[in-house]
Amino acid sequence: MADEEVGVVKSVEVIPWVANPFFLTRIKIAQKVPAAQNGDNLSVLSRKFNLISNAEHIARIEAMLNKKMVVQEKIMMCTGELVKLMTFRDQKLVNYKCAVSSSCGEKTIGDLYEDLGASEAEWIYERLFDDLNSYLTGVYGPCLTQLEIFNPEYRLSHLEYMSWSAIPECNKMPCALPGTSYSAQQGTCSPMQEDITRAIALADQYCMPTIVQ
């Protein structure tokens, strides 16, 4: 006789976490909560919308933060490898984009070394680290801090009670766009400087560095 717990999965039911009855019971979704605007109760649908909208926004800015970390690490490691290869500075590097494009450029070890900031006051990876830290302390951290605030009067956190779009620390829309940097002076994000954008594109083509045989 076959084991009752052994078999073939024929179907799987997938439901949104916000529609899971156990989750909704846990957060007491039916609890009446006064709305700050007019004293009426905050509807169940409003609480659900806030949860979904805020969760998606957190995921969006966290993805931006993670991408910045990956790019910074990649260019830092690539710069380290170029330093080791400087004895062969005139040797050409493999362009990894050539596998998918017939019109790809050429770079020597020395060329890429300069493009990543060898002749500047700061290496590109150092500037990317500053950008990462600015995004963490100016966008990601403050937004999560605000969403985590617990209102004892309503027994809810802002994650349920408010939408990120109504929170100044969160509603910096340019900061959710790729290719942007946060400026503490401006209090928002703007496109990355051209030399950094170019360095990131070159890293996609030539890092990690391999000499053409």
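## Helix packing and salt bridges in a predicted model

Ile124, Arg127 and Leu128 of helix H4 are in contact with Asp195, Ile196, Ala199 and Ile200 of helix H6. Sorted by class, this contact of H4 with H6 comprises 5 nonpolar residues, no polar residues and 2 charged residues. The structure described here is a predicted model, and this report considers how three of its helices pack, which charged side chains pair, and where selected residues lie.

### Three helices and their packing

Two packed helices are described by the angle between their axes and the distance between the axes. Helix H4 covers residues 124–148 and helix H6 covers residues 194–206; the two pack at an angle of about 110°, and their axes lie 11 Å apart. Angles of 65 to 115 degrees count as roughly perpendicular, so H4 is roughly perpendicular to H6.

Helix H2 spans residues 44–84. H2 packs against H4 at an angle of about 165°, with the axes 10 Å apart. Because an angle over 145 degrees counts as roughly antiparallel, H2 is described as roughly antiparallel to H4. The crossing of these two helices, H2 and H4, is left-handed. By class, the contact of H2 with H4 holds 19 nonpolar, 4 polar and 3 charged residues.

H2 also packs against H6, at an angle of about 70° and with the axes 10 Å apart. H2 and H6 are therefore roughly perpendicular to each other. H2 passes H6 in a crossing that is left-handed. On the H2 side the contact involves Val71, Lys74 and Ile75, which meet Ala199, Ile200, Ala203 and Asp204 in H6. The residues of this contact of H2 with H6 divide into 5 nonpolar, no polar and 2 charged.

Ala199 and Ile200 of H6 thus appear in the contact with H4 and again in the contact with H2.

### Salt bridges

Side chains of opposite charge can pair when their charged atoms come close. How many salt bridges does a search of the whole structure find? The search finds 8. The table gives three of these pairs, with the N to O distance for each.

| Salt bridge | N to O distance |
|---|---|
| Asp204 and Lys74 | 3.3 Å |
| Asp115 and Lys107 | 2.7 Å |
| Arg127 and Asp195 | 2.7 Å |

The side chains of Asp204 and Lys74 meet in a salt bridge. Asp204 lies in helix H6 and Lys74 in helix H2, so this pair ties together parts that are 130 residues apart in sequence. Asp204 counts as partly exposed, at 39% relative accessibility. Lys74 likewise counts as partly exposed, at 28% relative accessibility. Both residues also belong to the contact between H2 and H6.

A salt bridge also joins Arg127 and Asp195. Arg127 lies in helix H4 and Asp195 in helix H6, so the pair ties together parts that are 68 residues apart in sequence. Arg127 counts as buried, at 16% relative accessibility, whereas Asp195 counts as partly exposed, at 34%. Elsewhere, salt bridges that share partners join Lys107, Asp115 and Arg198 into one network. Within this network, Lys107 counts as buried, with a relative accessibility of 15%.

### Selected residues

Is Asn54, in helix H2, buried or exposed? At 0% relative accessibility, Asn54 counts as buried. Apart from its neighbours within four places in sequence, Asn54 is in contact with Leu147, His158, Leu159, Met162, Ser163 and Trp164.

Asp131 is placed in helix H4. With a relative accessibility of 9%, Asp131 counts as buried. Which residues does Asp131 contact, leaving aside its neighbours within four places in sequence? They are Lys68, Thr180, Ser181, Tyr182 and Met192.

Thr87 is found in the loop between H2 and helix H3, the latter covering residues 109–115. At 68% relative accessibility, Thr87 counts as exposed. Thr87 and Gly110 are 23 residues apart in sequence, and their C-alpha atoms are 9.5 Å apart in space.

Conventions:
Residues are numbered from 1 along each chain as its sequence is written. This is a predicted model: local features need pLDDT of at least 70, side-chain atom pairs count only at pLDDT 80 or more; totals for chains, interfaces and linings use all residues. Side-chain values use heavy atoms; hydrogens and water are left out. Axes are lines fitted to C-alpha atoms, for helices over the stretch in contact, and angles run from 0 to 180 degrees between N-to-C directions. Helices (H or I, at least four residues) and strands (E, at least two) are DSSP runs, numbered from the N terminus. Angles under 35 degrees count as roughly parallel, over 145 as roughly antiparallel, 65 to 115 as roughly perpendicular and the rest as oblique. Contact means heavy atoms within 4.5 Å. Ala, Val, Leu, Ile, Met, Phe, Trp, Tyr, Cys and Pro count as nonpolar, Asp, Glu, Lys and Arg as charged, and the others, Gly among them, as polar. Buried means under 20% relative accessible area, exposed over 50%, partly exposed in between (1.4 Å probe, protein chains only). A crossing is left-handed if the near helix is turned anticlockwise from the far one by less than a right angle, and right-handed if clockwise. A salt bridge is a side-chain nitrogen of Lys or Arg within 4 Å of a carboxyl oxygen of Asp or Glu.
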